Amino acid sequence: MNSKEISGATITIIGIILLAYAFIVGGLHGHIGSKSITGDAWAAIIGWFFIIGGPALWFGEVPVSIKKKVATQEMRKEGERS
Amino acid sequence: MSFYAIEILIIVFVIYGLAYVYYGRRLLQNKIVKADPNRPTPAYTKFDGVDYVPANKYVLYGHHFASIAGAGPIIGPAIAMSYGWALPLIWVLFGNVFIGAVHDYLALMSSVRYGGISIMSVSENVMGKSARYISLAYVYFALLLVFAAFVSVASILFAKIPSAATVALIFMPLALLFGILTYRVGISLRLGTIIAVIIIVLGFIYAYKIPFLLGYNPSTGAGNIWSAYHYWIIVLSIYAILAASLPVWYLLQPRDYLNAYVLWFFVFFAAFGSLVLADHKLIGTAYTSFAPRMAAFANQPTYFWPAIPLIIACGALSGFHSLVGSGTSSKQLSNELDALLVGYGGMLTEGAVSSMAVILPISLAWTAPELYKLGVLKPGKTMLSLSPLDRFLVGYGYMSGEVIHRFGGSFSTGFHVFKLFAAIALASFVLTTLDTATRLARFSWQEMFDWLSTRSPTLYKIITNRWFASFLVVLIGGGMAYPVVRLGKSLAPAYKILWPAFAGVNQLLAALALLTAALWVYAILKVRGGENWLIQVPAWFLWVTVTAGLIWWTVDVLPKLSVSVQKVGAGSIVIVSLALDFLLIYYFVRGLRRASKITQFPG
């Protein structure tokens, strides 16, 4: 893992922990957040953004399945040309 | 004459089924566009791993459908119920089949044939360079307004119905997980879908019990709703930048694919409701008046023609769809044959949302005794006494509550659960449209500056950087949505100063996109005879209708707007739009004359 992937993994894991915390606290209180911005609301929002952004660094590259699909199509095209 | 729900359901299915096979496949796909499964699509030829990425056709259908279905297919028909249910239904059925779905399909396919560029850039090939840049600037502005409206609607929805916010909190990470499972881990689409659908159902149950409050509690009234609104504007703006800049395979494709299941369930449950309540008559009035007075049009007599496209957009036809088709969808289309399901089928599905999930339930609930007992309707009042949003929520809730009651459950519980579900479905539509609109505005921005790419490559790179371009959209659009101003007697988000003009801007875009596509069919595809007229006539009908609608709005409605700042804001936009309308029609006619000289076929 390079440093980008490590930071992506770290952000993702922190995001999961924060979101899980918000869901558990929400389950105990009957709601996440309140009439003011409480800790669990902050945790939910930050965790949400971390989970959306983190895996982009962690798994950043185009998945192999898509690359393969494009390569196959390109090869077919080359074959048709020749 | 009275109708049963089942009769309407059969009519809708038969018309859409025949349209898909005969009008869509045989005419548009096989005879006009001559779609070729062996022709490489831009997703392969211009693959970049970010915007140009081939997608499974069902995934792309989910994306396209969820993106084009903003609040329009719901709120528009709910407003149009002032005509009774018959006229809106006729417009949704026939406008959709002959204009809207044709418009969407041709916008998608013309873009695919030109390497995935927007329909505005396609216009350069048939109308010239000036038409292209004028259209791009116009569309960019329209998309800023769309962003402002949708971020505002989503924020108000989340502040007022916080359980919908909890669903969003669960749904986005789930979509990422789904994408990683299918693209990275390599599990099958079917297994991934089953896992995700189970989590969505559990998430919905959790959200029903646990709302996400951000500074306001609607059930107790504690806190300040405008504070919550502002918090949500900020949160959703950051979300939009992320979602619009990250690669499509990462969030957009899996999210929209899963979203489509939620939305399909939403439509199918409505259809199922019509089957279960087959013996229920539509108690709503079929026809009230050809020109009822509507609050959305300053309480002026609103003539069905030419006003209807300004009222019902997405359910029948909408200019925004041409931007999605020629924006995100054309860059992900894996095979030309998939375009029928994505472009034509996606639009028919949206018509099904309007007809089966909005018009039908509202007509069933019109003066239902249960709604008086629950206190939803006041004595002597009909569904028309509710706001358009509440007409939809109550109508859907009523229909579902009756279905639950038929199976031995409580009407009241079914009503409340499905009313919430309808709100969540609406939030799903809105949120998807929000980040797609941001991405589309980014594309327009990038295309607007393509002339810089050879003159100053470095500057071009900076200006068209995807993060910067998305940020700019959010900054301007969010800037229109964030401030709360006093409009007349009530407070409203600032973008509402311009909003009365949006319907006209959007539908003028539809007319111009369809004219561009019609010119492409005539000049480039060289289609002649009856098949050509089947495209030209709806295109001209739409242009005449929308132009007449804009003139009617300027003459009848504009002077009667009660807020003077709206008169200036919205009025100037409509007048500029009309000027642009005639300028672009000049380019169109010029393009038509030159058509015989155009011989090259794009690669």
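Angles of 65 to 115 degrees between axes count as roughly perpendicular, and that cut-off will help us in a moment with two helices of chain B. Keep in mind as we go that this is a predicted model.

Let's begin inside chain B. The axes of α8(B) and α11(B) cross at roughly 105 degrees and come within 8 Å. The two helices are therefore roughly perpendicular to each other. If you would like to find the crossing on screen, look on α8(B) for residues including B:Met172, B:Leu176, B:Phe178 and B:Tyr183, which meet a set in α11(B) that includes B:Trp249, B:Tyr250, B:Pro254 and B:Leu258. B:Gly179 takes part from α8(B), while B:Gln253 and B:Arg255 take part from α11(B). Sorted by class, this helix contact has 11 nonpolar, 2 polar and 1 charged residues.

Now step out to where the chains touch. Chain B brings 33 residues to the contact and chain A brings 31 residues. On the side of chain B, the elements that give two or more residues are the helices α8 (162-185), α10 (225-245) and α11 (248-276), along with the strands β1 (212-214), β2 (216-217) and β3 (222-223). Our helix α8(B) returns here as the element that gives the most, with 8 residues. By class, this side of chain B has 26 nonpolar, 6 polar and 1 charged residues.

Strands link the two chains as well. Strand β1 of chain A, residues 32-34, pairs with β1(B) in the parallel sense over 3 bridges. To locate the pairing, start at A:Ile32, whose bridge partner in β1(B) is B:Phe212.

How values were computed
Residues numbered from 1 in each chain as written. Chains lettered and ligands numbered in written order. Predicted model: local features only at pLDDT ≥ 70, side-chain atom pairs only at ≥ 80, totals over all residues. Contact = placed C-beta atoms within 7 Å. Helix = DSSP H or I, 4+ residues; strand = E, 2+ residues; numbered from the N terminus. Nonpolar A, V, L, I, M, F, W, Y, C, P; charged D, E, K, R; others polar. Pairing = 2+ DSSP bridges. Axes fitted to C-alpha atoms, helices over the stretch in contact; angles between N-to-C directions. Parallel < 35°, antiparallel > 145°, perpendicular 65-115°, else oblique.
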